[in-house]
Amino acid sequence: MSFVANPFVVVLDANVLFPFRVRDVLLTFTQEGLFRARVTDEILDEWTRNLIRLKPHLEKSVRQQEAVIRSTFEECFVTGHQPLMAGLKLPDPDDRHVLAAAIRCSAQVIVTENHKDFPSEVLDEYGVETLGADDMLANTYDLFPSGGARALRRVRKRYDNPAMSPSEFLLDLTRHGLSKLAAQARADIEYL
C-alpha cells in the first residue's frame, strides 16, 4: 500500500456504497491512500438497512460485508458529530448526520448522488462540496494516475469468475456507472 502526502478527506454517503462495484472501487482507492474516506455508524446502518430491505435473501451476505467494512476500515469511522446536527438546516433533516460528520472530520467533499439534499449555499459555509462517485474517482485518478491504476488493477484481479481483461474491466466500470473513471483509466490500460 502506498500513500499520497496529505490526501483529502471525503465522507461517503450511503447511496454511493449501495452499488457493489462503486463501493469496491471507492474503498480500494481509500486503501491505496488516494483519499481518506470517512463514514459514520449511521451511514453504514442506512446502507445495511436499505440493502437488506431490497434484497432480503442476501441478508447474511450483507451482514458479512458490513462486518468486513467495520473491521477493515475501522479508522474511517467518524464519531462526535451528533452534537453538530441540531444546528444544521438541510432539505432532508435525516441527512444532517452526513454534513455533521463532514464538518467534524474536516472533509472537503461529501461523495453522494443526492446533490439536491446538500445545497451549496449551506455547504459553502463549511468549505464542503458534493461530488458523485464517478466524478470523485475520475478526479482522483486524474491527480494520481499511478495510484489509481494500481487500485483499479487490485479491483480487477479480485473478479476472477470469470476473469476480465483490462478492456473488459473498463467496460464493466462503465456499465456500473463509472464511465468517467473508465475514460480516465483507458490511457493507462496496460497497467490495469
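**Exercise 1. Strand pairing**

Task: In this predicted model, in what sense do strand 1 and strand 2 pair, and over how many bridges?

Solution:
- Take strand 1, residues 9–12. Its pairing with strand 2 is parallel and runs over three bridges.
- Look across from Val-11: Arg-38 in strand 2 stands opposite.
- Now place the pair in its sheet. The sheet is open, has four strands in the order 2-1-3-4, and pairs in parallel.
- Find the edges. Strand 2 (36–38) and strand 4 (129–131) each pair on one side only.
- Add the twist: on average, neighbouring strands are turned by 35 degrees against each other, direction ignored.

**Exercise 2. A helix across the sheet**

Task: Which strands does helix 8 lie across, and at what angle does it run to strand 4?

Solution:
- Helix 8 spans residues 133–143. Strand 1, strand 3 (109–111) and strand 4 are the strands it lies across.
- Its angle to strand 4 is about 95 degrees.
- Residues 133–187 carry the UniProt annotation "domain: VapC50 C-terminal", from an unreviewed entry.
- That span is 78% helix and 0% strand, and its end C-alpha atoms lie 20 Å apart.

**Exercise 3. Two helices in contact**

Task: How are helix 2 and helix 4 oriented to each other, and which residues make the contact?

Solution:
- The axes of helix 2 (residues 20–31) and helix 4 (residues 59–72) come within 13 Å and cross at roughly 15 degrees.
- Angles under 35 degrees count as roughly parallel, so helix 2 is roughly parallel to helix 4.
- The crossing is left-handed.
- Helix 2 contributes Phe-20, Arg-23, Leu-27 and Gln-31; helix 4 contributes Gln-65, Ile-69 and Thr-72.
- Sort this contact by class: three nonpolar, three polar and one charged residues.

Note on methods: Residues numbered from 1 in each chain as written. Predicted model: local features only at pLDDT ≥ 70, side-chain atom pairs only at ≥ 80, totals over all residues. Heavy atoms only, no water. UniProt positions renumbered as here; feature names shortened; annotations may be inferred. Axes fitted to C-alpha atoms, helices over the stretch in contact; angles between N-to-C directions. Parallel < 35°, antiparallel > 145°, perpendicular 65-115°, else oblique. Left-handed = near helix turned anticlockwise from the far one by under 90°. Contact = heavy atoms within 4.5 Å. Nonpolar A, V, L, I, M, F, W, Y, C, P; charged D, E, K, R; others polar. Pairing = 2+ DSSP bridges.
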